[in-house]
Every structure is written in C-alpha cells, then in structure tokens.
Amino acid sequence: MQVSSLNEVKIYSLSAGRSLPEWLSDRKKRALQKKDVDIRRRIELIQDFEMPTISTKIKVSRDGQYIMAVGTYKPRVRCFDTYQLSQKFERCLDSEVVTFEILSDDYSKIVFLQCGRFVEFHSQHGHYYKTRIPKFGRDFSYHYPSCDLYFVGASSEVYRLNLEQGRFLNSLQTEASESNACDINPVHFLFAMGTAEGKVECWDPRTRNRVGLLDCALSSVTADTEIEGLPSISALKFDGALNMAVGTSTGQVLLYDLRSSNPLIVKDHHYGLPIKSIQFQHQLDLIISADSRIIKMWNKDTGKIFTSMEPEHDINDVCLYPHSGMLMTANEAPKMNIYYIPVLGPAPKWCSFLDNLTEELEENPESTVYDDYKFVTRKDLENLGLAHLIGSSLLRAYMHGFFMDIRLYHKAKMMANPFAYEEYRREKIRQKIEETRAQRVQLKKLPKVNKELALKLIEEEGEEQQLSKKRKQKNLPSLLKDDRFKVMFENPDFQVDEQSEEFRLLNPLVSKISEKRKRKLKILEELEAQGQEEEEEPEGKASDAESSESSDDEKGWVEEVRKQRKLLRQEEKLKRQERLKEDQQTLLKPQFFEIKEGEEFRSFKDSAKKQKLMKKTLEDRLKLEEKLGTLNVSDTTVGSKQATFKLKKSEQQRKQQEAEKRHRQERKTLRRSASHLKSRRGRGRLFH
C-alpha cells in the first residue's frame with residue numbers, strides 16, 4: 001500500500017504493487033509471497049480487479065453491491081461483487097463501449113452505447129436486445145419519469161428512444177453541429193447537453209423546447225489562460241436543483257448557478273487536456289474533476305485546492321463510491337486503481353477493515369528511505385574533508401548536492417569537529433539561561449544579532465505608530481516580537497554581512513543611512529553601560545544627524561553605485577596580487593602516481609597521442625586501425641561494407657593468455673608422455 005500526502009490529506013493507494021499472473025498455481029503464488037516482501041504486503045481488495053489491456057469506464061450500482069467496468073481487448077464488461085470481493089461475471093461484446101448506464105438498482109438492466117452506432121441492452125441473464133441509432137453517439141442519459149433515452153453525438157439532433165413503447169420518438173433539433181456530453185437533473189429532470197461550439201443547451205423534456213443557452217467558451221477564457229482554439233464541452237454534471245459543473249476541452253471547469261449566465265468559479269487544470277469526469281462530494285462541498293493526467297479536488301465555494309492525485313497511467317474515468325472516501329479510476333493500463341481517502345468519508349461496509357488499518361498506520365508511521373541518508377552540498381563535503389568521495393558509490397548525486405549515509409556523515413562530522421557536542425551543549429545551556437532571564441523584569445535592550453536592523457525596525461515602528469495615531473488606525477504587529485522572525489535576531493548564522501559584494505551593490509546608500517544608526521547605537525550602548533533605560537531617547541546628536549541628512553537624488557545614487565563597484569574592483573585586484581605572491585612563494589612538490597597491478601609504465605606521451613588521434617577524422621582513424629591490424633573492412637554480396645574490429649588487449653590480458661597457452665602445452669606434453677609409457681608397458685607384457 002502506497003501512502004501519499006498533499007495539503008496534509010493522506011491518500012492510500014490500495015492497488016499499488018505487482019500483480020500475480022492468473023495462470024500461476026496456488027502453490028507458486030504462496031511461494032512468491034514468502035520470497036517477495038512487496039507481494040506479501042500488497043492489498044488485493046477485490047480479486048482480479050483489472051482488464052486485459054485498458055479500462056475505459058467504471059460505475060457503481062445504486063445499491064452499492066456491484067462495480068461494473070468496461071474495457072478492451074477484446075471489448076468486454078466485467079461485474080465485481082463487493083460482498084464476495086471477487087468477479088461476478090464477464091461478458092464479451094461485438095465492439096468497443098463508448099459509455100454505459102446501469103438502469104436498475106443492481107446489474108439486471110444495463111444499456112451500452114457502442115462505437116458502431118449500436119445500442120445494446122443487457123438483462124440479468126445476458127444480452128437482451130440490440131438496435132442502432134442514425135449517427136455515431138458520444139453520450140446518453142436516461143429520463144426516469146418517461147423511460148426515455150437521450151442520445152447525443154455527431155449530429156445536430158438528439159435522438160430519443162422510449163423503452164416502454166420500444167420505439168424511437170421525434171428527435172430534438174438543436175443549433176449545434178455536434179454534441180459531446182449530456183446529463184439530466186435528478187431533481188426537476190432538466191436535460192442539458194454540451195456542444196462542440198462551447199455552448200450548453202438546456203431543454204425541458206415535458207414540452208420538448210429549449211429553455212436556456214449558456215456560452216461557456218467565452219466564460220472559460222480568463223486573464224491567466226492561454227487558449228489556442230475554440231473550447232468545446234467535454235463533461236457535464238448536475239448537483240442538486242440549481243448547480244451545474246461544465247468541463248471544457250482546454251482543461252477548465254466552470255461551476256454555474258442555473259439562475260445566472262455567468263459562472264460562479266472557473267477552475268483551470270493548467271494542462272490543456274480535456275476534462276474527462278466531474279463528481280460532487282457533498283460531505284465537504286468538494287468538486288472532483290479529472291483530465292487524463294491529474295485528479296483535482298477543490299472547494300466549490302472558494303475554488304481552493306483540497307488535494308490532488310497524479311496516477312502513473314492516463315485516466316479515462318473516475319468513480320466515487322457513494323457515501324465513502326473510496327475513489328476508483330479506469331486507466332490506460334490493465335489494473336484499475338482504487339484510492340482510499342479517510343478525510344472524505346469512512347470506508348464502505350464491505351471493506352470496513354480499512355479504517356482500522358489506516359488508523360494503525362497513522363499511529364505507527366514507517367520511516368522513509370531518506371531518514372537513513374543525509375543531504376549534503378559540495379561545500380559541506382569540503383568542510384568535512386570528504387570531497388574525494390565524489391564519484392564513488394558512497395555518494396549519490398541528487399539536484400545540487402549528494403545523498404550520503406547518515407552514519408558516515410556523523411562519523412565524519414565527529415572527526416572534523418570533535419568538540420561539536422561540547423559547543424552544542426554550551427549553546428543549549430546559554431539558551432536555557434536566556435529563557436530564565438526573560439522571566440525577570442528587564443530593560444528594553446537591542447538583540448545581540450542584527451542590532452542595526454533591529455534599530456531600523458524600531459524607528460520605522462515608531463513612525464508608523466505616530467501615523468496610525470493621526471489616522472486613528474490599528475497598530476501593526478512588531479517583527480521583533482513575532483515568533484516567526486525571532487531566530488533572525490538570536491542565531492548568529494542570520495547576521496547580515498555588510499561587507500559582502502551583494503549587500504554593497506544592492507544597497508548603495510546604506511553607508512550614509514547606517515552612519516546615523518551607528519551613532520545612535522553607540523549612544524544607546526553607552527546608556528546601557530551606565531544603567532539607563534533605552535526608552536529615554538538621546539537628544540541633540542540624533543536630531544542633528546536627522547536634520548543634517550537629506551534624501552539623495554538619482555544622480556547621487558548612480559555615483560554611489562559606481563564608487564562601490566570601483567572599490568570592489570580594487571579589492572579583487574589586491575586579492576589576486578596576494579594569491580600570486582603566495583603561489584610564487586610556495587615550492588612545487590613532486591607528485592607520485594600509483595600504477596595498477598599488471599600494467600607497465602610507458603610514458604606520459606600516451607595521453608597526448610590519444611588526444612591527437614581523437615582530433616583526426618573517422619576516415620583517418622579507420623586507415624590507422626587497418627594498418628595496425630585491429631580493423632578488417634570487406635565488401636558484402638549486397639554491395640555494402642562490413643567492418644570487423646578487434647579489441648586491443650591490455651598487458652594483463654596478454655600475460656594471462658600467454659600463461660594459459662603455456663599451461664595447455666604442458667598438459668599436451670604430459671598426455672604424450674603418459675601414452676608413451678602405456679605403450680611401452682604393453683609391449684613388455686607381450687614379450688613376457
């Protein structure tokens with residue numbers, strides 16, 4: 001079972017893991033389960049919950065006992081009984097199924113819309129009747145009060161088939177050239193259909209007249225979306241009496257109130273793929289929309305993302321099990337995925353053990369693989385003295401650094417800084433003492449880290465307080481008292497380096513502004529040393545400094561930047577000169593190279609020869625190889641060329657071959673001498 005978490009929402013994938021072949025015997029399956037941990041830990045919620053190649057549609061019966069799925073190849077429908085946790089039956093069909101509908105509470109009445117314009121009816125025993133519609137169908141809906149089937153497809157007409165009378169009725173003539181999706185409202189039975197022109201037409205089945213028209217293509221275009229073509233309607237779903245969700249072919253979902261022509265919310269999937277399925281989750285007021293790549297769950301009132309899932313294979317359909325947190329998908333893969341999200345609701349009755357299982361997993365979370373590894377950068381490796389391990393199996397490159405074993409990291413850190421624990425202990429003791437001091441009555445003091453920044457914030461807060469008093473506004477919270485920024489004034493690692501190049505270039509006027517604060521800081525430190533409070537603001541010098549300084553114009557700012565750049569160049573030049581002096585003073589030491597066992601040292605010119613050889617063209621290199629005898633080029637009967645290469649043997653391989661050759665010669669001589677002795681003994685016996 002795989003567990004993922006997004007926005008603190010746990011998603012359990014119940015179909016993760018390898019599946020065993022059907023033709024394996026029970027004995028071999030048990031043997032595999034003993035050997036393989038992944039197979040032993042997998043959860044097979046419903047036995048053989050898969051299709052031979054792909055699955056296209058998946059639905060649940062109204063009583064919740066049966067799950068039906070269609071797929072290929074060959075075209076077939078499979079029914080799974082949740083009470084038995086296994087397959088109920090399988091029926092093969094003549095052509096692929098576009099969509100299907102379960103008309104009864106169980107599996108006794110099913111209608112299939114197939115690719116070849118066929119409409120096939122199945123009863124409890126199997127195939128019942130087959131008919132044909134004039135044009136290729138793409139979707140259909142069932143109108144329960146009148147027992148009418150409404151078919152939409154590659155035509156401007158909506159075909160009506162009455163199941164009570166057993167005949168076609170007069171079609172509904174629409175303005176659309178083609179229709180892709182349709183749905184019937186479960187409350188007032190309004191029929192809505194989505195067209196290829198990006199419009200939704202609403203019809204009243206009682207009067208067979210159009211009562212509304214929505215232009216969704218125009219409403220789906222917002223400031224952030226990039227539309228290349230005209231969006232068409234790809235999915236349609238009603239929620240209650242007044243709400244309707246529409247999915248477009250460009251990846252937008254629009255939520256409408258039927259009393260308004262403008263959408264309440266426009267949600268973009270940002271993949272540009274057609275919306276395949278839309279479901280409503282009423283417990284948390286969520287909309288579950290899916291394209292072929294991602295399933296998104298978002299709040300229908302605010303549009304805020306609740307969570308999302310990206311399966312390994314493309315999605316064809318999504319089915320939410322009623323009144324539970326279980327989600328099933330039909331994919332471009334044999335296995336159909338089952339997800340359990342405890343936040344959405346409890347597990348169904350037929351698999352109530354999932355609640356106990358997930359609770360145990362949350363109580364005892366397993367450590368991930370990365371808990372045993374430490375991520376380090378190249379600079380960290382240099383500080384630890386492990387830079388020579390780069391390229392070895394002890395370090396695994398990842399993004400801008402490496403993963404290394406946490407035990408090796410602790411050992412190296414202990415060797416590099418053996419007194420790290422003592423420093424950590426002293427720091428903890430200091431923090432405890434500071435915490436106890438904070439409980440006493442103390443004077444207002446500046447923090448030890450980033451004093452100038454703290455002084456700047458205090459000055460700005462004083463000015464803002466004066467302005468807020470004049471405007472009668474509420475005071476904003478102080479950054480110095482905010483726990484989120486507390487570490488910035490306590491940890492020395494967050495100290496602002498004013499001598500760095502970035503600071504001096506990005507803050508060209510900081511030198512003039514900081515002079516004022518440094519003077520004030522010096523005065524405050526003197527007052528603290530004398531035991532006076534910081535609240536008594538010094539008069540005279542600070543006010544004179546404030547009056548003497550004025551804001552610089554753009555010309556002064558440019559001059560200051562140039563001045564800083566000039567100083568940086570001079571400092572860089574001095575550093576280069578110092579490095580040159582150090583290089584001149586250092587003595588060159590001889591370097592020693594170790595030669596591998598079995599190899600002989602020839603010369604340092606081999607690398608130069610190899611570089612020259614690599615600069616030559618392919619033709620020149622082939623001629624050279626032909627001269628050396630490592631390449632043989634011959635003509636074939638077809639008229640093409642055949643090149644045969646011989647690998648160059650190293651010195652070690654050559655010595656090994658010579659040793660093997662000597663060994664074979666010795667054995668041959670031994671066999672000859674043995675046969676000679678036998679022949680001599682045979683002659684002696686004859687003479688005897």
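**Sheets, a salt bridge and a charged patch**

In this predicted model, four strands line up as an open sheet in the order β3-β4-β5-β6, and their pairing is antiparallel. The outer places go to β3 (54-60) and β6 (86-92); each has just a single partner strand, so one side of each is left without a neighbour in the sheet. Going from one strand to the next, the twist averages 20°. Take a look at β5 (residues 76-81) and β6: they run antiparallel and are joined by 6 bridges. Within this pairing, Phe80 sits opposite Gln87 in β6.

The loop between β4 and β5 holds a bit of a surprise. As a rule, most peptide bonds are trans. Here, though, the bond from Thr72 to Tyr73 is cis, with omega near -5°, and the bond from Tyr73 to Lys74 is cis as well, with omega near 15°. Tyr73 lies in the loop between β4 and β5, and Lys74 is found there too.

What about the loop between β3 and β4? That is where Arg62 is placed, while Asp105 belongs to the loop between β7 (97-102) and β8 (110-114). Side chains of opposite charge can pair when their charged atoms come close. Asp105 and Arg62 do form a salt bridge, with their closest N and O atoms 3.0 Å apart. This pair ties together distant parts of the chain, as the two residues are 43 residues apart. The count of salt bridges in the model comes to 15.

Another open sheet has 5 strands, this time in the order β1-β2-β29-β28-β27, again with antiparallel pairing. At its edges stand β1 (2-6) and β27 (315-320), each with a single partner strand, so one side of each has no neighbour in the sheet. Neighbouring strands here are turned by 25° against each other on average, direction ignored. β1 pairs with β2 (residues 9-13) in the antiparallel sense, over 5 bridges. In that pairing, Leu6 has Val9 of β2 as its bridge partner. The loop between β1 and β2 contains Asn7. Most residues other than glycine have a negative phi, yet Asn7, which is not a glycine, has a positive phi of about 55°.

Finally, there is a patch of positive charge on the surface, where Lys661, Arg664, Arg667, Lys668, Arg671 and Arg672 gather. One of these residues, Lys661, has its place in helix α15 (residues 651-687).

Note on methods. Residues are numbered from 1 along each chain as its sequence is written. This is a predicted model: local features need pLDDT of at least 70, side-chain atom pairs count only at pLDDT 80 or more; totals for chains, interfaces and linings use all residues. Side-chain values use heavy atoms; hydrogens and water are left out. Two strands pair if DSSP finds at least two bridges between them. Axes are lines fitted to C-alpha atoms, for helices over the stretch in contact, and angles run from 0 to 180 degrees between N-to-C directions. Patches are made of residues with over 30% relative accessible area and no salt bridge: like charges are joined within 9 Å, nonpolar side chains (Val, Leu, Ile, Met, Phe, Trp, Tyr) within 5 Å. Accessible areas come from the Shrake-Rupley method with a 1.4 Å probe; for residues, only the protein chains shown count as cover. A salt bridge is a side-chain nitrogen of Lys or Arg within 4 Å of a carboxyl oxygen of Asp or Glu. Lys and Arg count as positive and Asp and Glu as negative; His and the chain ends are not counted. The place of a charge is taken as NZ of Lys, CZ of Arg, CG of Asp or CD of Glu.
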